[in-house]
Amino acid sequence: MATLPVFRWRLAPDGYATRRQLRALGLRPGGQDVAATLERPRRHRPPLIAHLYLIDRALPVRPMTPGRWAALDKANLARRLCPECRRNAGYVIPTSLGMCVPCAYPDPHGSEGTA
């Protein structure tokens, strides 16, 4: 089994890209295996590792279809619905609370709170 080439931070040769760099170019890995790794050293901790892919073997990003847009809208709506009051909060419900902010921290003075 061949080992992958390892490049230091900012020293990868042309022709390699990370997933984010591929996406910025309108590409995706397209099922190819990782071609190399990139290591960024850190003090007193293990290095950060990024996987690199060959740009010439990357495929174009698949376009969004109406069905995919609908599924994405439905998933985002599910993230905004409060499980307690079942209302659309208008923002993504924080996982730390598990419910919308008004349900998590009800007003102790009721709706006629002091100003």
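Author: Strands pair if DSSP finds at least two bridges between them. Strands (E, at least two residues) and helices (H or I, at least four) are DSSP runs, numbered from the N terminus. This is a predicted model, where local features need pLDDT of at least 70 and side-chain atom pairs 80 or more, while totals for chains, interfaces and linings use all residues. Residues are numbered from 1 along each chain as its sequence is written, and side-chain values use heavy atoms, with hydrogens and water left out.

Reader: Okay, let's start with the sheet. In what order do its four strands come?

Author: The sheet is open, and its pairing is mixed. Strand E1 (6-8) and strand E2 (16-17) are the edge strands, since each pairs on one side only. With those two at the edges, the order is E1-E4-E5-E2.

Reader: Which residue of E4 does Phe 7 stand opposite?

Author: Look where E1 meets E4: the two pair in the parallel sense, over three bridges. Phe 7 has its partner there in E4, and that partner is Leu 38.

Reader: And how many bridges join E4 to E5?

Author: Strand E4 covers residues 36-42, strand E5 covers residues 45-54, and they run antiparallel. One facing couple there is Arg 42 and Arg 45 of E5. The number of bridges joining these two strands is six.

Reader: What is the phi of His 44 near?

Author: E4 and E5 form a hairpin with two residues between them, and His 44 lies in the loop that links these strands. His 44 counts as exposed (over 50% relative accessible area; buried is under 20%, partly exposed in between, with a 1.4 Å probe and protein chains only), because its relative accessibility is 84%. Its phi is positive even though this residue isn't a glycine, and it sits near 60°.

Reader: Arg 10 isn't a glycine either, so to speak. About what value does its positive phi have?

Author: You'll find Arg 10 in the loop between E1 and E2. Arg 10 counts as exposed because its relative accessible area is 70%. Its phi is positive too, at about 65°.

Reader: Back to E4. Is Thr 37 buried or exposed?

Author: Thr 37 has its place in strand E4. Skipping residues up to four places away in sequence, it touches (heavy atoms within 4.5 Å) Leu 4, Pro 5, Val 6, Phe 7, Ile 49, Ala 50, His 51 and Leu 52. Its relative accessible area is 10%, which means that Thr 37 is buried.

Reader: Which residues does Thr 18 contact, leaving aside neighbours within four places in sequence?

Author: Thr 18 is found in the loop between E2 and helix H1 (19-24). It counts as buried because its relative accessible area is 18%. Its contacts beyond those neighbours are Ala 50, His 51 and Leu 52.

Reader: How far apart in space are Arg 40 and Ala 24?

Author: Arg 40 is found in strand E4, and it is partly exposed, at 37% relative accessible area. Beyond four places in sequence, Arg 40 touches Trp 9, Pro 47 and Leu 48. Arg 40 and Ala 24 are 16 residues apart in sequence, and from C-alpha to C-alpha the gap in space is 21 Å.

Reader: Same idea for the proline: how far apart in space are Pro 41 and Pro 83?

Author: Pro 41 also lies in strand E4, and with 44% relative accessible area it is partly exposed. Not counting residues up to four places away in sequence, it touches Arg 8, Trp 9 and Pro 47. Pro 83 is 42 residues from Pro 41 in sequence, and C-alpha to C-alpha the two are separated by 44 Å.

Reader: Last one. Which residues make up the largest nonpolar core?

Author: In soluble globular proteins, nonpolar side chains tend to be buried together. A nonpolar core is a set of buried Ala, Val, Leu, Ile, Met, Phe, Trp, Tyr and Cys residues joined through side-chain atoms within 4.5 Å. Ala 58 belongs to the largest one here, and, leaving out residues up to four places away in sequence, Ala 58 touches Leu 22, Leu 27, Arg 28, Pro 29 and Gln 32. The full set has five residues: Ala 17, Leu 22, Leu 27, Tyr 53 and Ala 58.
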